[in-house]
Amino acid sequence: MSLALPNQRHLFDIPDHVSYLNAAALGPLPKCSVAAGTAGLARKAQPWDMTSAEFFTDTKRLRPKLAQLIGADTEGIAFCASASYGLATAARNLDIRSDQSILTLADQFPSNIYVWRDLAAQTGAHVQTVGDAETNQSLSDQILSAIGPKTAIVACPQVRWTDGARLDLEAIGARARDVGAALVLDLSQSCGAMPFDVRTVKPDFAVCVGYKWLLGPYSAGFMYAAPHRRGGVPLEHNWISREGAADFTKLTEYTDRFAPGAERYDMGERSNFALLPALEASLDLLLDFGIDAIEATLAEKTAGLSDALEEIGLPCPPEAERGAHYLGATLPETAPGDLVQRLAALDVHVSRRANCLRITPHIYNTQDDLDRCIAALLDTLAVKS
């Protein structure tokens, strides 16, 4: 029996003529999330009706739901505005010597590169990149082969953001632990669309933005810290992540003690009265549907679309080597530089990363959306079926 869900377009404000196939760039907010965010923001219009407890209620409800999403414990979750914030927190709390290396993936998202270049510059360590040459090895095998005694940090995603190529994080995590290396993950292009469990992968740190596959707002994300990484130094020293912060009458009784677990890493002004309710509403939807069901639904959409792209000369990574929710079609050299804009003019919305046309559907896409995408590509690229 298929786990695939019926179409959920009615939950979103997407006109019938719009083929939005760009969740990897910006996942649209569901209607319920817009309503939750609007109601949350309205609280600030009449602040005299707000209580000090409201600085804590949204995060208290949301933290265990984020933990559930990745198989974590609640104390492992911290709030951050961006992947770069969480990655910078990880970098600040990892030791590395000048004779060691940081292993990264070629064509990795910049936020998961610049932070490691900076750490290497500060410590004299070396950034090693794999996956940038033609080889018969999978990306996972290339990383596994590169991890060695001098590897201090392995920083990678679950799927590559350009083409959706997936990594075997359980194997990579096991190999990293074998040599004493830390594993730092950016889950922004997979969390919410494919299963992930910290109990099997065992990363030291993992980060995720909320505005892509979680269908949440911009500037609302989270970080996971493993139990042995929860005693570190936060990027900023704010009041709300300290022990006893809920008692406003005692905030001037300054303390060096933090709130328990990864909460010490929470960004300042975490209590965003609009963004957090919107993120929670989106997360409730995803958890109610189930990530396995979402993955199965998107696998059906991308399988047929991949076959159609192959027929018109735009090959994608094989199904076994990519995330089920993700297509990165290799473009011909003759593809126009403004291809994405031309497709948008036809109400087909995708994105281009490197030489890949990135097509990423979600639970709101219909078969008509997929058919219009192929038709628009045939017209725009002037290729023959």
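Glutamate 319 sits in the loop that runs between helix 9 (291-311) and strand 9 (327-330). In this predicted model, Glu319 is one of the residues of a negative surface patch, and its companions there are Asp307, Glu310 and Glu311. A patch of another kind, a nonpolar one, is made by Trp239, Phe248 and Leu251, which together put about 260 Å² of accessible area on the surface. Within this nonpolar patch, phenylalanine 248 belongs to the loop between strand 8 and helix 8. Its relative accessible area is 35%, so phenylalanine 248 counts as partly exposed.

From the surface, the picture moves inward to strand 8. All five of the five residues in strand 8 (residues 221-225) are buried, so the strand is largely enclosed by the rest of the structure. Looking at the two sides in turn, Gly221, Met223 and Ala225 point one way, while Phe222 and Tyr224 point the other way, and every one of them is buried.

Strand 8 also has strand partners. One is strand 2 (residues 77-80), which pairs with strand 8 in the antiparallel sense over four bridges. In that pairing, glycine 221 of strand 8 has cysteine 80 standing opposite. Another partner is strand 7 (residues 205-209), which is joined to strand 8 by five bridges and again runs antiparallel to it. Here alanine 225 of strand 8 finds phenylalanine 205 opposite.

Strand 6 tells a similar story about burial. Five of the five residues in strand 6 (residues 182-186) are buried, leaving the strand mostly covered. The cover is on both faces: Ala182, Val184 and Asp186 are buried on one side, and Leu183 and Leu185 are buried on the other. Strand 6 is joined to strand 5 by five bridges, and this time the two strands run parallel. One of the matched pairs puts alanine 155 together with valine 184 of strand 6.

Just ahead of strand 5 comes lysine 150, in the loop between helix 5 (139-146) and strand 5 (151-157). Lysine 150 has a relative accessibility of 46%, so this residue counts as partly exposed. Its C-alpha atom is 9.3 Å from that of glycine 180, although the two residues are 30 residues apart along the chain.

Two residues in other loops have a backbone angle worth a look. Lysine 202, found in the loop between helix 7 (198-201) and strand 7, has a positive phi of about 60° even though it is not a glycine. Leucine 215, in the loop between strand 7 and strand 8, likewise is not a glycine and has a positive phi near 60°. What about their surroundings? Lysine 202 is partly exposed because its relative accessibility is 46%. Leucine 215, with a relative accessible area of 1%, is buried.

Charged side chains pair up as well, and the structure holds 20 salt bridges. In one of them, arginine 61 meets glutamate 280, with 2.8 Å from N to O. This pair links distant parts of the chain, since arginine 61 is in helix 2 (residues 54-70) and glutamate 280 is in helix 8 (residues 275-289), 219 residues apart. The two partners are covered to differing extents: arginine 61 is partly exposed at 37% relative accessibility, whereas glutamate 280 is buried at 7%.

Lysine 65 and aspartate 284 form a salt bridge too, their closest N and O atoms being 2.9 Å apart. Once again the link is between distant parts of the chain, with lysine 65 in helix 2 and aspartate 284 in helix 8, 219 residues apart. Aspartate 284 has a relative accessible area of 27%, so it counts as partly exposed. These contacts belong to a wider arrangement, as salt bridges that share partners join Arg43, Glu54, Asp58, Arg61, Lys65, Glu280 and Asp284 into one network. A further salt bridge brings together the side chains of arginine 270 and aspartate 266, at 2.8 Å from N to O. Both arginine 270 and aspartate 266 are buried.

Methods: Residues numbered from 1 in each chain as written. Predicted model: local features only at pLDDT ≥ 70, side-chain atom pairs only at ≥ 80, totals over all residues. Heavy atoms only, no water. Patch = residues over 30% accessible without salt bridge, like charges linked within 9 Å, V, L, I, M, F, W, Y side chains within 5 Å. Areas by Shrake-Rupley, 256 points an atom, 1.4 Å probe, with all protein chains shown as cover. Salt bridge = Lys/Arg side-chain N within 4 Å of Asp/Glu carboxyl O. Lys, Arg positive; Asp, Glu negative; His and termini not counted. Charge placed at Lys NZ, Arg CZ, Asp CG, Glu CD. Buried < 20%, exposed > 50% of the residue type's maximum accessible area, 1.4 Å probe, protein only. Pairing = 2+ DSSP bridges.
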